[in-house]
Amino acid sequence: MRKKVVLVGAGSRARYMFAKPFAAELKDAVEFVGLYDVNQIRARTLSEECGNVPVFQDFRTMMETARPDTVVVASTDATHHEYIIAGLDTGCDVVTEKPMTTDGDKCRAILAAERRSGRKLTVTFNLRFVPYMARVKELLRQGVIGQVQHASVDWFLDRSHGADYFRRWHSQLEHSGGLLVHKSTHHFDIVNWWMDATPELVHAFGRLAFYGPNREARGSRCLTCAHKQACELYFDLERNDLHNRYYLQAEGEDGYIRDKCVFRDEIDIYDTMSVQVRYQNGAQLSYSLVAYSPEEGWKMTLTGTEGRMEVAAMHSGPLSKGVHSERIRIIKPNGETVSYDIPVSGGGHGGGDERLLDMIFRGGIPDPLGQHAGSTAGAMSLLIGAAANVSIAEGRVVTIQELLGGNKI
Ligand SMILES: NC(=O)c1ccc[n+]([C@@H]2O[C@H](COP(=O)([O-])OP(=O)(O)OC[C@H]3O[C@@H](n4cnc5c(N)ncnc54)[C@H](O)[C@@H]3O)[C@@H](O)[C@H]2O)c1
């Protein structure tokens, strides 16, 4: 029987990850019965693209009228908890985009709602479904480097993808939790999952070194900026049909400006971040994220009792050109080296998006690696970022348990 599903959020991710597949390739598994977004223009635009799915003016009416089995949440990060909690309390299962939420208080409220409702919350960590990431998990589980004791992770966002977070709601801590929550939740989740470990202590530094008021030649938005000819980060909102229809034409409704200046004063998130994590089993993570790199990608080294694993992927810049496979390299204590080349797959996030949707909405798909993530994984990854934010603000080591109000998960 098809699942009756409603969707909260009509922005970019809601559109390509959920709404379009619900109306097409997942039609046999999903009955798409309602759509809600605070911006009704955006919601109606999306509805028209998806067979005129009913658009509701408020969430409660949608729940009462559409009577869904599952609520999918793809609104801005700091609003996820409202719909997750209301969905669970109405007796629905909930599927939320990452990050599950943005701070410890909201996280505790979500966990309590899941416990009292007896329903299930899924967090869509699509990175777990990328074949390269899954192969690393498989090899670590086979013990190829023994028990992992240390992970070193460097993540680079380039000046296209990275800059985009500084144009809109992500650029304010209150809406996104900053990149250490919004973006790093993916990376912390991957490390937690690979190491099969629970974080305990967090220390971090963060700085706004490149974006924000670090440049004299700046304005309020690209569309009207006097510096648009000279600025290498100029973003042309009118050129792209989707940006034009979903954001520029919808501005009048809620004042969501998609092309704000990345050098404006009000930005309060960091673009340069270093985080240290100690896990309950004693393992350590050393993590960095930079959002103005000349190339996009990541590098990780995992050291275990029986050797070292090196993994990396470059998505833009000279090293990304002509890459058809990604390599996992294992170095044993006796010097022996083993390499695995994993073909790069097409599709959203290396095909991860499609595989994740199938597992959530079709069901019955075996999950030997534990790729389907729930609230514990959602909490543990966002809480590292939330703890890092507290650590940066207060200059101290922060325990995960204090963000959970002293409770254990
Ligand atoms: N897993 C991934 O790879 C991935 C990629 C991109 C985005 N995301 C996540 O998807 C979510 C949406 O991101 P996006 O890029 O589509 O952003 P977006 O700005 O394009 O869309 C956000 C939508 O939320 C709506 N909204 C704002 N406040 C709301 C509220 N109180 N109630 C209902 N709707 C509200 C906005 O009007 C907008 O339509 C975020 O949580 C983001 O972290 C995940």
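**End of H10.** I started where H10 stops: the helix is followed by Asp 196, whose phi is positive, near 50°. This is a predicted model, so I read every angle here as a computed one. Asp 196 is not a glycine, yet its phi has that positive sign. I placed Asp 196 in the loop between H10 and strand E8 (199-207). Then I checked its cover: Asp 196 comes out at 66% relative accessibility, so I put it down as exposed.

**H10 itself.** Next I went back into the helix. H10 covers residues 184-195, which is 12 residues. From first C-alpha to last it reaches 16 Å, close to the 16 Å expected at 1.5 Å a residue. How many of its residues are buried? I got 12 of 12, so I noted H10 as mostly covered. The buried list includes Ser 184, His 186, His 187, Asp 189 and Asn 192, along with Phe 188, Trp 193 and Trp 194. I noted the contrast at the end of the helix: Met 195 is buried, while Asp 196 is exposed.

**H6 against H10.** I wanted to know what H10 packs on, and looked at H6 (residues 131-141). The two axes come within 9 Å and cross at roughly 25°. The cut-off for roughly parallel is under 35 degrees, so H6 counts as roughly parallel to H10. Which residues meet? From H6 I wrote down Met 133, Ala 134, Val 136, Lys 137 and Leu 140, and from H10 Ile 190, Trp 193 and Trp 194. Sorted by type, the contact has 7 nonpolar residues, no polar ones and 1 charged.

**Val 136.** I picked one residue from that contact for a closer look. Val 136 sits in helix H6. Buried or exposed? Val 136 is buried, at a relative accessible area of 0%. Leaving out its neighbours within four places in sequence, I found Val 136 in contact with Trp 194, Leu 302, Met 309, Val 311 and Ile 328. I also took one long-range distance: Val 136 and Met 359 are 223 residues apart along the chain, and their C-alpha atoms are separated by 20 Å.

**H4 against H5.** Another helix pair, this time H4 (residues 80-89) and H5 (residues 104-117). They pack at an angle of about 10°, with axes 9 Å apart. That angle makes H4 roughly parallel to H5. On the H4 side I listed His 81, Ile 84, Ile 85, Leu 88 and Asp 89. On the H5 side, the residues they meet are Lys 106, Ala 109, Ile 110, Ala 113, Glu 114, Arg 116 and Ser 117. By type, this contact divides into 6 nonpolar, 2 polar and 4 charged residues. A reminder to myself on spacing: an α-helix has 3.6 residues a turn, so residues three or four places apart point the same way.

**Loop before H5.** Just a quick look here. Where is Pro 99? I found Pro 99 in the loop between strand E5 (93-96) and H5. The peptide bond from Lys 98 to Pro 99 is cis, with omega near -15°.

**Asn 52.** I also looked up Asn 52, a residue that is not a glycine but has a positive phi, about 55°. Asn 52 is in the loop between helix H2 (40-49) and strand E3 (55-56). With a relative accessible area of 56%, Asn 52 is exposed.

**H14.** On to residues 375-394. H14 has 20 residues and reaches 27 Å from its first C-alpha to its last, close to the 28 Å expected at 1.5 Å a residue. I counted 16 of the 20 as buried, so H14 is largely enclosed by the rest of the structure. Just after H14, Gly 395 takes a positive phi of about 65°.

**Ser 391.** I chose Ser 391 as my sample from H14. Ser 391 is buried, with a relative accessible area of 0%. Beyond its neighbours within four places in sequence, Ser 391 is in contact with Val 202, His 203, Ala 204, Arg 396 and Val 398.

**Domains.** Last entry. The domain assignment gives domain 1 (3-125), domain 2 (127-211 + 267-344 + 374-403) and domain 3 (214-262). What separates the C-alpha centres of domain 1 and domain 3? I noted 28 Å. Even so, I found contacts: 12 residues of domain 1 touch 9 residues of domain 3.

How values were computed. Residues are numbered from 1 along each chain as its sequence is written. This is a predicted model: local features need pLDDT of at least 70, side-chain atom pairs count only at pLDDT 80 or more; totals for chains, interfaces and linings use all residues. Side-chain values use heavy atoms; hydrogens and water are left out. Helices (H or I, at least four residues) and strands (E, at least two) are DSSP runs, numbered from the N terminus. The expected span of a helix is 1.5 Å times one less than its number of residues. Buried means under 20% relative accessible area, exposed over 50%, partly exposed in between (1.4 Å probe, protein chains only). Axes are lines fitted to C-alpha atoms, for helices over the stretch in contact, and angles run from 0 to 180 degrees between N-to-C directions. Angles under 35 degrees count as roughly parallel, over 145 as roughly antiparallel, 65 to 115 as roughly perpendicular and the rest as oblique. Contact means heavy atoms within 4.5 Å. Ala, Val, Leu, Ile, Met, Phe, Trp, Tyr, Cys and Pro count as nonpolar, Asp, Glu, Lys and Arg as charged, and the others, Gly among them, as polar. Domain bounds come from an automatic or database domain assignment.
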